[in-house]
Amino acid sequence: MAAAIHTAAIEISMTTANTIKLSQLRLSNHYANLGVAFGHKTTPQPFTNPKLIHVNPAVLALLGIDSQEVKPCQWATLGCGAKLLPGSQPLAMKYTGHQFGIYNPELGDGRALLLGEINNNGELWELHLKGAGKTPYSRFGDGRAVLRSTIREYLAGEALTALGINSTRALCLVGSDEPVQRETIETAAMLIRVARSHIRFGHFEYLFYTRQLQAQQELIKFTCARFLPEVTALPIAEQAEQLLRFSLCKTAEMVAGWQAVGFAHGVLNTDNMSIIGDSFDFGPYGFIDDYEPGFICNHSDHSGRYAFDNQPGVVLWNLNALAHALSNLVGHDKLRDCLAEFKPLLTEAYSARMRAKLGLQTKQQADQPLCADFLALLAAGRTDYTLAFRALSHYCCNQSVDALRQLLPPQQHPALEAWLQQYNQRLAQEPFFNKQRSTLMLAHNPKFILRNYLAQQVIEAAQQGDFQPLKLLFKLISKPFDEHPQYESWAAAPPESGKHLSISCSS
Ligand code: AMP
Ligand code: MG
């Protein structure tokens with residue numbers, strides 16, 4: 001195939017130590033081999049004119065792939081499904097799920113295919129090609145993903161990973177000149193999503209609600225064998241219970257991370273919930289700029305079901321749906337006991353993150369209200385969440401209140417002073433010096449986050465064929481705690497016009 005390759009945005013540099021050449025890779029297909037209940041083997045529909053936009057060096061390293069010999073044209077053909085890696089048996093996975101609380105039996109990979117998995121020194125990584133064309137589950141969709149949403153997914157996975165939150169990531173991003181109709185005509189793109197698993201809560205719901213209980217047990221065993229090998233000798237009911245516990249624990253950690261960094265997912269349907277607690281399937285997500293607990297990033301979410309401060313509750317709702325999908329195996333009392341563990345796990349994980357953000361290395365009862373008071377101050381002052389915690393980190397070193405005062409409106413200054421007094425008293429009980437504390441805080445309070453207005457800017461440039469801003473933003477959010485002094489403007493709060501951008505839900 002004559003592929004017109006755009007190379008401008010490629011930047012790959014990594015060592016070749018312990019890596020494997022792409023030509024030597026062989027994918028395995030354990031999930032696809034589970035049988036017909038689990039999906040539909042489907043061939044991708046490649047672009048005729050793929051343009052390689054980006055290859056993710058960190059994900060290459062994760063997969064143990066040697067980047068040195070891979071040519072951009074190879075990535076373009078691989079990244080749009082024109083060529084498959086040896087061994088790949090693309091599969092559209094079947095799942096269902098609750099969307100906005102209502103069960104939808106018609107879901108499944110409607111525009112994505114599981115390509116297979118790579119074994120890197122015993123760690124299995126699945127590759128999933130998103131935007132790969134129609135599948136038996138496409139319903140009325142065209143099987144495509146637009147460049148805009150593909151860039152957003154590409155960046156989100158990297159941003160969350162860099163903030164220490166479990167997330168799917170992407171290996172490469174390929175654009176095209178293929179027109180796609182959304183609100184306007186846009187162009188199609190694809191990415192290869194990489195995760196330890198693409199199994200969603202909705203996979204279990206599908207098998208439960210269609211009473212395919214043999215297949216349900218196979219899926220439980222498959223997932224346990226991969227993530228909980230220590231339980232595989234137990235009876236199936238106990239494996240199911242342990243799987244729920246595992247998923248609940250990972251999910252609690254994930255959502256605690258989101259709440260701590262100010263990330264709103266936007267579409268927390270059960271089909272967008274990974275069984276291993278990865279942040280998964282990014283749509284109209286948003287990182288909070290001004291601290292607004294009820295922030296709704298999805299403009300179709302009229303009731304605020306997926307509002308920022310509702311995320312822990314709705315995630316627990318989703319875990320209930322998962323528990324129900326296991327209720328033929330696990331008794332109600334046990335399921336209830338399991339679900340009761342969510343709140344303490346969430347509180348523990350969230351408190352640990354917030355203590356680190358406040359620079360507290362010891363635990364005290366009063367830390368929770370101290371943190372809540374700071375957040376209340378930010379909410380009252382409509383203050384930028386990320387900048388405020390970064391300024392607090394510097395305050396701990398230089399004791400200058402100026403930066404914080406500049407972030408808060410004057411009417412909040414007395415409350416700020418009062419809070420700082422309490423904070424200083426608390427810090428006096430810590431066995432560490434200010435300088436050490438500040439260093440710790442700067443490693444937990446990012447300078448750069450994936451703000452919507454920045455994502456929008458790089459998308460608009462990319463739509464014009466300029467991928468340099470995308471490359472730069474990718475670099476900054478990959479190292480969000482570093483100073484990057486030459487890119488100060490990328491750390492700034494949005495201008496008023498960029499604060500409440502309407503992010504289209506179409507993708
Ligand atoms: P999402 O909103 O991306 O989580 O997708 C919800 C469901 O719609 C999933 O089953 C997707 O595979 C499917 N879907 C979303 N967009 C498309 C599309 N353009 N073509 C086909 N199926 C799609
Ligand atoms: Mg989805």
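User: How many bridges join β6 to β7, and which way do the two strands run?
Analyst: Keep in mind that this is a predicted model. In it, β6 covers residues 112–120 and β7 covers residues 123–130. The two strands run antiparallel, and the number of bridges joining them is eight.

User: Which residue in β7 is the bridge partner of E117?
Analyst: E117 has its bridge partner over in β7, the strand that runs antiparallel to β6. That partner is E126.

User: What phi does N121 take in the hairpin of β6 and β7?
Analyst: There are two residues between the strands in this hairpin. N121 takes a phi that is positive, near 50°.

User: How many of the nine residues of β6 are buried?
Analyst: Buried here means under 20% relative accessible area. Strand β6 is mostly covered by that yardstick, and its count of buried residues is eight.

User: Which protein donors does the magnesium ion (ligand 2) have?
Analyst: Two residues supply them, and the donors lie 2.0 to 2.2 Å from the ion. Both residues are buried. The donors are N272 (OD1) and D281 (OD).

User: How many disulfides does the count come to?
Analyst: A pair of cysteine sulfur atoms has to be within 2.5 Å to qualify. For C338, the nearest cysteine sulfur is that of C249, 11 Å away. For C371, the nearest is that of C396, 13 Å away. The count comes to zero.

User: Is C338 buried or exposed?
Analyst: The cut-off for buried is under 20% relative accessible area. C338 has 1% relative accessibility, so it counts as buried.

How values were computed
Residues are numbered from 1 along each chain as its sequence is written. Chains are lettered from A and ligands numbered from 1 in the order in which they are written. This is a predicted model: local features need pLDDT of at least 70, side-chain atom pairs count only at pLDDT 80 or more; totals for chains, interfaces and linings use all residues. Side-chain values use heavy atoms; hydrogens and water are left out. Buried means under 20% relative accessible area, exposed over 50%, partly exposed in between (1.4 Å probe, protein chains only). Donors are N, O and S atoms within 2.8 Å of the metal (3.2 Å for Na, K and Ca); water is not among the atoms, so sites may look incomplete. Helices (H or I, at least four residues) and strands (E, at least two) are DSSP runs, numbered from the N terminus. Two strands pair if DSSP finds at least two bridges between them.
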